[in-house]
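Colleague: Hey, got a minute to walk me through this one? I'm new to it.
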Amino acid sequence: MWVAQHILAIIAIITIGLTWSSAHAQTAPYAVKWSYDDLVEVKRLDFIVMADRLEIHGIVVNTGNCPIATTMNGAVELSVNDAVEALGKAMTGQAVEPLERSSDPTEGLPLVGVFGEALSVYVPNSCNILLVEIMTSEGNWSSNFKP
């Protein structure tokens, strides 16, 4: 009888451990939302830190089809480039090559924050944010948005 109780106790502990591990592994250490930043006419992605401390090492929007910027200067460049591309297409009827970036758009990475802090990056206003992939000190995650 003692052996059966001991085995049941071990099974219960393993089950609790596995349940906690799978639930813990599926919870991202941040919440993400985006908004329109009308000051510079770009979209801003805000990552709200839900861990004691979080480092964001990389962010990819729409599998790399949407450029990102980590600074306000980079956001202004995205906005200007977006406007130039739209104007060029309107005038020529064809896609226009984007302007060459004057700075490294990810120079602000890694972004580091503490619980409750918002870490932000910018994408062009013309970008329809559908998929955001993020590489963090807590692992890699992705978030989907509906069109």
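Modeller: Sure, let's start with Arg 53, which is partly exposed at 46% relative accessibility; that term sits between buried (under 20% relative accessible area) and exposed (over 50%), using a 1.4 Å probe and protein chains only. Keep in mind that this is a predicted model, where local features need pLDDT of at least 70, side-chain atom pairs count only at pLDDT 80 or more, and totals for chains, interfaces and linings use all residues. Residues are numbered from 1 along each chain as its sequence is written, and side-chain values use heavy atoms, leaving out hydrogens and water.

Colleague: What does Arg 53 form a salt bridge with?

Modeller: Glu 55, with the closest N and O atoms 3.0 Å apart. A salt bridge here is a side-chain nitrogen of Lys or Arg within 4 Å of a carboxyl oxygen of Asp or Glu.

Colleague: And how many salt bridges does the structure hold?

Modeller: Three. Asp 37, Arg 44 and Asp 46 are linked in a network of them. Arg 44 to Asp 46 comes in at 3.0 Å between the closest N and O atoms, and Asp 37 to Arg 44 at 3.8 Å.

Colleague: Is Asp 46 buried or exposed?

Modeller: Buried, at 5%. Asp 37 is buried too, at 9%, while Arg 44 is partly exposed at 25%.

Colleague: Switching topic: which strand does β3 pair with over four bridges?

Modeller: β4 (residues 111-114), antiparallel to β3 (residues 53-61). Leu 54 stands opposite Gly 113 there. Pairing takes at least two DSSP bridges between the strands, and strands are DSSP E runs of at least two residues, numbered from the N terminus.

Colleague: What about β6?

Modeller: Five bridges join β6 (residues 131-136) to β3, also antiparallel, with Gly 58 opposite Met 135.
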